[in-house]
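Q: I would like a close look at a single part of the model shown below. Please begin with one bridge and then relate its surroundings to the rest of the structure.

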Amino acid sequence: MAMTEEAMRERKEYAKKAGWKIFAIWLVLSLIGEVLVLYVWGPHMPPGDMTTSAASQQFDFKVLTAMVVPVLLMVWVYGAWSLINFHATKTDRGDGIPLRGNRRVQGIWYVTSAALVLFLAGFGTYELINGNGVGSGEGPSPIWKPTAKHMLVVQVIAQQWRFTYRWPQFGGMETTSIDLPADTTIQFDVTSLDVIHDFWAYQLGVKADANPDVNNVAYTTTSNQLGRFTVRCDELCGIWHGAMYNYGHVVSKSAFYTWASNMEAQNASVTKLLPPFATTYTPSYSGAGGGYYPSYDPNGHAVTY
Amino acid sequence: MNKGARISIVLVSAAVAVGLILFGIFGYLRTYPPTVVFTPSPTQPHTVDVTLQVDPDVGPGHAHPAWPGWFAKNAQGKWVQTTLYQVPERTYVHVTVYEYDSGGPLRNPIWGKVTGTVGNDVVLNGKTVSLLDAAQGFGVGHTIVAPALGLSVPVWGLSGTEKTFCQTGPCTLSNAHNVETFTFYTGNHPHNYRWQCFIPCGAGYLNGNGGPMATTGYMAGFWKVVA
Ligand SMILES: [Cu+2]
Ligand SMILES: [Cu+2]
């Protein structure tokens, strides 16, 4: 049944009004949503702000969520409005209005989504390479280094199925637990003794693959927020992969030095037996501990163990 | 056949198929070596004695006769090939290990240090030691490491050329062996504490780390601390 001119105009009027109402509801909800995201939920977002890297990741999550909220609300508000108001009554057999493109709406749509996507691309790239960003200070040759004069170096040695930690500034001792001082820049040198593992200290915002024969570096600076963090292996590495985790603590500087000197004394006997500190901790190809390495060096590398 | 009957046939056969698959999976997952239960003697309520041996080959009659593995002496004095040991909480566990396997240098020398035992030491062939230098002698054969208990005990290896070197388990005291004893406290948190060997002793597997190293009953197991 074709529509009369009159009915069509009426419907157009109605649609226009509805459009403004939808826009208004969306605007109000979006503003509320943004405030909630930035000031209520945001400060509690993972991974927290125990370190600069964690804080930077939290900031990234905050920005991404803030960008996403209006988009999500637009879909929801429009959807809800349609469900409630834009349905035909049982007796309505009339056609809808013939739809024509609305250049202005389309234009706004294209420009807005392009701006959104371009912003995210730029923001993401910047956050990847900026100091303390997710990707800048990590890898075998990081593109960014912290400027701190004094860094605490912690070598993370993964093996099936445990992490140990080597402390070159404390006589090269090795420990099976990890404490870190507050307010300190830390350089993690991550390597593996056998297969691929992954050092993931979630609350520190630090995650680095542990590959045999490779030194993956990750930098971060602890804040003065003390507390416990989890160290977890994040690369499926065998039967006890799931049990390959332990807890570390960020403690005050003085508590850290007490802990470290205690550990140094306790481990003095074994520290003597350790190989000299090297950035990788490759077992001898001649077969230390098991003797099942190939009897030659398959990569032609100097053996650093 | 009507529609209802056909639908029932489809549903029933699907259920049977899923059931069979689940039965297979759980049947496989539930194959565990036996747990040896250690109970305190009535006269010494908070101590248990655990006697273990570790052999170069567990020997015939076991799933992988050529793999190295652990045996535990049960209450009847029989050697049971397993790595699952149940001990009470708040208890001093006196462990005696008969080591029949050869050793070698440690991939990471830190595992030569004794930790988590009373006194952080072991008595090896009658001598108290707190550190085994695996670059000396015939090195370390295996280790008993339960990270969550803080327990780490290296077990001194033998020369593989000993005249009476044990070939297949369970070995007997007439075979060449080292005796190591130590005591640890189980604490007051009942839990299944996983333990493993840190000497890659899976001969023939990548880096020595597969096979027995990845199999409960051989080089990986649990200290089941119960209330
Ligand atoms: Cu791992
Ligand atoms: Cu072993």
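In β11(A), which residue is the bridge partner of A:R232?

A: The bridge partner of A:R232 in β11(A) is A:Y245. The model is predicted, so local features need pLDDT of at least 70 and side-chain atom pairs count only at pLDDT 80 or more, whereas totals for chains, interfaces and linings use all residues. Residues are numbered from 1 along each chain as its sequence is written, chains are lettered from A and ligands numbered from 1 in the order in which they are written, and side-chain values use heavy atoms, with hydrogens and water left out.

The bridge belongs to a strand pairing. β10(A) and β11(A) run antiparallel and are joined by six bridges; two strands pair if DSSP finds at least two bridges between them. Strands (E, at least two residues) and helices (H or I, at least four) are DSSP runs, numbered from the N terminus. Strand β11(A) also takes part in a parallel pairing, with β5 (residues 178–181) of chain A, over four bridges. In that pairing A:V251 of β11(A) stands opposite A:P181.

The loop between β10 (227–233) and β11 (245–251) of chain A leads to a metal site, since A:C237 lies in this loop. The copper ion (ligand 1) is coordinated through A:H197 (ND1), A:C233 (SG), A:C237 (SG) and A:M244 (SD), at 2.0 to 2.6 Å. Donors are N, O and S atoms within 2.8 Å of the metal (3.2 Å for Na, K and Ca). The angles among the four donor atoms span 93 to 128 degrees, and the site of the copper ion (ligand 1) is tetrahedral, a label given to four donors if all angles lie between 85 and 135 degrees. Along the sequence, the spacing of the donor residues of the copper ion (ligand 1) is H-x35-C-x3-C-x6-M. Distant parts of the chain are linked by the pair A:H197, in strand β7 (residues 197–201) of chain A, and A:C237, in the loop after β10, with the two positions 40 residues apart. A:H197 and A:C237 are both buried, which is to say under 20% relative accessible area; exposed is over 50%, and partly exposed is in between (1.4 Å probe, protein chains only).

Chain B offers a second copper site for comparison. B:H142 (ND1), B:C197 (SG), B:C201 (SG) and B:M219 (SD) are the protein donors of the copper ion (ligand 2), lying 2.1 to 2.5 Å from it. The arrangement around the copper ion (ligand 2) is tetrahedral because its four donor atoms subtend angles of 94 to 133 degrees. The sequence spacing of the donor residues of the copper ion (ligand 2) reads H-x54-C-x3-C-x17-M. B:C201 and B:M219 are 18 residues apart and link distant parts of the chain, each being in the loop between β12 (191–196) and β13 (220–226) of chain B. Both B:C201 and B:M219 are buried.

Several loops hold backbone features of note. Most residues other than glycine have a negative phi, and most peptide bonds are trans. A cis peptide bond, with omega near -5 degrees, runs from A:P46 to A:P47, and A:P47 is in the loop between α1 (5–41) and α2 (52–85) of chain A. The peptide bond joining A:Q160 and A:W161 is likewise cis, with omega about 0 degrees; A:W161 sits in the loop between β2 (151–159) and β3 (162–167) of chain A. A:D213 is not a glycine, yet its phi is positive, about 75 degrees. This residue, A:D213, occupies the loop between β8 (206–210) and β9 (216–221) of chain A and is partly exposed, with a relative accessible area of 25%. In chain B, B:N120 is also not a glycine and has a positive phi of about 50 degrees. B:N120 is placed in the loop between β6 (92–99) and β7 (122–124) of chain B, and its relative accessible area of 40% makes it partly exposed.

The two chains frame these details. Chain A has five helices and eleven strands, and its C-alpha atoms fill a box of roughly 95 × 45 × 35 Å along the principal axes. Of its 305 residues, 41% count as buried. Chain B has one helix and 13 strands, and the helix comes ahead of the strands in its pattern α-β-β-β-β-β-β-β-β-β-β-β-β-β. The C-alpha atoms of chain B fill a box of roughly 85 × 45 × 35 Å, again along the principal axes. Among the 227 residues in chain B, 50% are buried.

Notes
Tetrahedral: all angles 85-135°; square planar, octahedral: opposite > 155°, others 65-115°.
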